[in-house]
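Student: Hey, can you walk me through this one? I'd like to start with the ligand.
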Amino acid sequence: MIRIHGWGNFPSIDSEVFSPKSLTASSDLITNINNLIPRGFGRSYGDSANSKKILQSNYLNRFISFDHENGILICDSGLSINEILSLIVPRGWFIPVAPGTSFVSVGGAIASDVHGKNHHHQGCFSDHLLSFELMLADGSITQVSRSHLPDLFQATCGGMGLTGFIVSASIQLIPIKSSQIIQSLVKCGSLEEVCDQFYINRDKTYSVAWIDCLSSGKNFGRSVLMVGEHSESGKLSVSKKAPINIPFNMPASLLNSYSIRLFNSIYYHSSSTQSDMNISYEKFFYPLDGIRNWNRLYGKAGFIQYQFVIPMAVGIDGLKKILVKIVDSGLGSFLAVLKCFGLANANYLSFPMEGFTLALDFKLSDSVIKLVSNLDPMVVDMGGRIYLTKDALMNDTTFKSCYPLWENFEQVRAKYGAIGKFSSIQSKRLGLQ
Ligand SMILES: Cc1cc2nc3c(=O)[nH]c(=O)nc-3n(C[C@H](O)[C@H](O)[C@H](O)COP(=O)(O)OP(=O)(O)OC[C@H]3O[C@@H](n4cnc5c(N)ncnc54)[C@H](O)[C@@H]3O)c2cc1C
């Protein structure tokens, strides 16, 4: 038994972890054991990759084929985005959708249907999948795509590992001429200003904003918007810099509303509106990957990341209401990231919908749990939803309101025998069978 938790270190559970060394061994395991959950790098924050029985994908670490001409990569599901970038960037290709850390497995990226800073143009990870192989509850492997078993495609992409074990995937990459990103920063004094700036910069490939969620009054909603484009010139290189390590859990008192307020103030005042800076793709997409185990900064009790999206129709007013609640709580979030999503896709449990999404880290405490229980109904009333791969607290009523296609999801799971075979602590909490 091993103590297992997600990136937020909460909740944790003693689990039996299986790391089969072959597809035959995985198949035997799946056939013989119930209530398993597949797991990649454990970068989901809450309990979506937690169960008493875990099926690790780490032996699935091969590149299967790479079509250099057309940018089609076929690889095992246990490879990380980081390993993929090391292969493809020097050859002039990039992943179409890059989440905020590169230590994410291909299987995890599909199961969470991850998004990046370019959702308004490129959608989710699954929107660039040509097909994938899925090991079903009976241990057989089937090829899944939008045209072959479309119901299984829609249930598995965003389906949090609850339909089967993703074995490999075929991904359409995007061409690049340089590994550099041209970044511009826009300092914004208010929520209205940053939302306007998202609109003004809507043609830019990548956009994301840091937002100060502790300041009220005249500083309410102050933010820094970052936009980026792939550079047209420069080298195609990958950084070999070793990350700094946080060796152990920090004292929980280190991060408090005073230190976060100070950080926010320094960050805001040291940022200035700047155009066209050339930076590496690692610095633009993965600033936190430079600090290994940064989650230990939140101390032993752990933290949660609360990420919600609300539809464009409720827009700034909705965002303001939620942000006021967060500011009034005085519960600081070091990392508060605002993005503007494009249209939703057809997957049953994919998170993004056209609107604003805010992601906030909170050190775990009773007050945070109470705050989240007050925010959830606000998000639901506005027609929004909470991101499953970050969630550790949502109840089944909230889940079923946020994800109205959950019954279609369950029907597909039943059709392919996944019920009772694949489950997680999260799926049980959310009232899935
Ligand atoms: C610093 C940081 C930044 C992040 N930024 C973003 C972001 O910008 N956008 C975004 O969308 N997400 C983001 N995430 C979340 C992360 O991308 C997802 O949680 C992703 O799923 C993690 O991949 P993993 O391999 O660690 O999966 P795990 O955490 O191990 O598992 C996540 C889910 O995928 C399932 N799964 C994993 N492997 C398989 C498989 N082989 N077959 C079937 N199911 C499988 C698990 O059962 C679980 O439900 C971020 C996370 C961190 C820590």
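Tutor: Sure, one definition before that: helices (H or I, at least four residues) and strands (E, at least two) are DSSP runs, numbered from the N terminus. This is a predicted model, where local features need pLDDT of at least 70 and side-chain atom pairs count only at pLDDT 80 or more, while totals for chains, interfaces and linings use all residues. Residues are numbered from 1 along each chain as its sequence is written.

Student: Got it. Which element gives the most to the shell around the ligand?
Tutor: That's α3, with four residues. At least two residues each come from β3 (36–39), α3 (106–111) and β10 (165–172).

Student: And how many residues surround the ligand?
Tutor: 32, counting a residue as near if its C-beta atom, placed from the backbone, lies within 6 Å of the molecule. The closest are G40, G100, G107, G108 and G161.

Student: How do the shell residues divide by class?
Tutor: There are 14 nonpolar, 16 polar and two charged. Ala, Val, Leu, Ile, Met, Phe, Trp, Tyr, Cys and Pro count as nonpolar, Asp, Glu, Lys and Arg as charged, and the others, Gly among them, as polar.

Student: New topic: what domains does the protein chain have?
Tutor: Domain 1 (63–176) and domain 2 (180–395), with bounds from an automatic or database domain assignment. Their C-alpha centres lie 24 Å apart.

Student: How many residues of each are in contact?
Tutor: 29 of domain 1 with 27 of domain 2, where contact puts the C-beta atoms, placed from the backbone, within 7 Å.

Student: Which element gives the most on the domain 1 side?
Tutor: α4, with three residues on the side that touches domain 2.

Terms used: Contact = placed C-beta atoms within 7 Å.
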